[in-house]
Amino acid sequence: MKVIVCKTYEEASLESAKIVAEVMKNKPNAILGLATGSTPEGMYSELARMNKEGEIDFKDITTVNLDEYYPISPDNDQSYRYFMNKNLFDRVNIDKSRTHVPDGSAPDGEKEAERYENYVRSLGGADIQVLGIGRNGHIAFNEPDEELVPVTHVTSLTADTIDANARFFKSADEVPTHALTMGMGTILSAKKIIIIATGANKHEAVKQMLKGTCTTKCPASFLNLHKDVVLVCDEAAYNG
Ligand code: GLP
């Protein structure tokens, strides 16, 4: 795994945006795998700026997001669809019909997971997958467990993740207990992966991942199986 240590969150956001922009310049119809969470917000702002300044073009870009709460309406301001529209899609020249997020309002979660998995597969996987990391080492909503699931599936969130995400809701009781998420294999099918980690609360998860071994106790550690992964982090996440 290649590691880029930045001084600040702003620098990490710019570095990450440059990596995504490079893929878009080399392949104007690239498939971008995208992530939510507060970490990539700065990167999305940089991408929106680059698009405004004419450096990158989203006209022929397709996007596939990692995950979505389940159940949740796409209009709910805590849904990941809402987050993506606000942080990126409404700010760039992307064709919205080419933007894909698992449908949190689908009546049957298992069927929606299967449909989404097949769709990502039909694209041949993402050209680049952007990831954040949970403080417990989760990626997308693949939580630490005895076993990890390779394909897109419905999962229940751990108490730690509900607690970490409660800051976006009025209370922890309002955080959905389930989610639709790409599986470990769906994520690893991307040609290139960039994982962004900032802040000291991510240090333990980053340290475990950088050991270079794989453990289901830290799903991010499975990125060690992929040959083109870049970790972009700040000093706090790297050094603790
Ligand atoms: C959520 C998302 C993950 C994200 C993680 C970290 O649970 N499902 O994709 O990486 O939280 O979020 P943050 O960047 O806000 O710390």
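Let's begin with helix 4 of this predicted model, where Gly 109, Glu 112, Ala 113, Tyr 116, Glu 117 and Val 120 are buried. Look down the axis of helix 4 and these buried residues fall within an arc of 135°, so they line one face of the helix. That pattern fits a simple rule: an α-helix has 3.6 residues a turn, so residues three or four places apart point the same way. Swing round to the other side of helix 4 and you'll find Glu 110, Lys 111, Glu 114, Arg 121 and Ser 122, which are exposed.

What do the buried residues of helix 4 pack against? Their partners are strand 3 (62–65), strand 4 (67–70), strand 5 (99–100), strand 7 (153–156), strand 8 (178–181) and helix 6 (184–188).

Now for the length and the two ends. Helix 4 covers residues 109–123, and at 1.5 Å a residue its 15 residues should span 21 Å; the end C-alpha atoms are 21 Å apart, so the two agree. At the start of helix 4, a side-chain oxygen of Asp 108 comes to within 3.1 Å of the backbone nitrogen of Glu 110. After the helix comes Gly 124, with a positive phi near 85°.

Stepping back to the wider structure, the largest nonpolar core has 61 residues, and Leu 32, Leu 47, Phe 58, Leu 88 and Ile 195 have the most contacts inside it. Helix 1 (residues 9–26) gives the most to this core, with seven residues. Another core, of 10 residues, lies apart from it, and includes Tyr 69, Phe 141, Ile 162 and Ala 166.

Technical notes. Residues are numbered from 1 along each chain as its sequence is written. This is a predicted model: local features need pLDDT of at least 70, side-chain atom pairs count only at pLDDT 80 or more; totals for chains, interfaces and linings use all residues. Side-chain values use heavy atoms; hydrogens and water are left out. A nonpolar core is a set of buried Ala, Val, Leu, Ile, Met, Phe, Trp, Tyr and Cys residues joined through side-chain atoms within 4.5 Å. Buried means under 20% relative accessible area, exposed over 50%, partly exposed in between (1.4 Å probe, protein chains only). Helices (H or I, at least four residues) and strands (E, at least two) are DSSP runs, numbered from the N terminus. The expected span of a helix is 1.5 Å times one less than its number of residues. The arc is that of the directions from the helix axis to the C-beta atoms. Contact means heavy atoms within 4.5 Å. A polar contact is a pair of N or O atoms within 3.5 Å; within protein, one must be able to donate a hydrogen and the other to accept it, and residues adjacent in sequence count only if both atoms are side-chain atoms.
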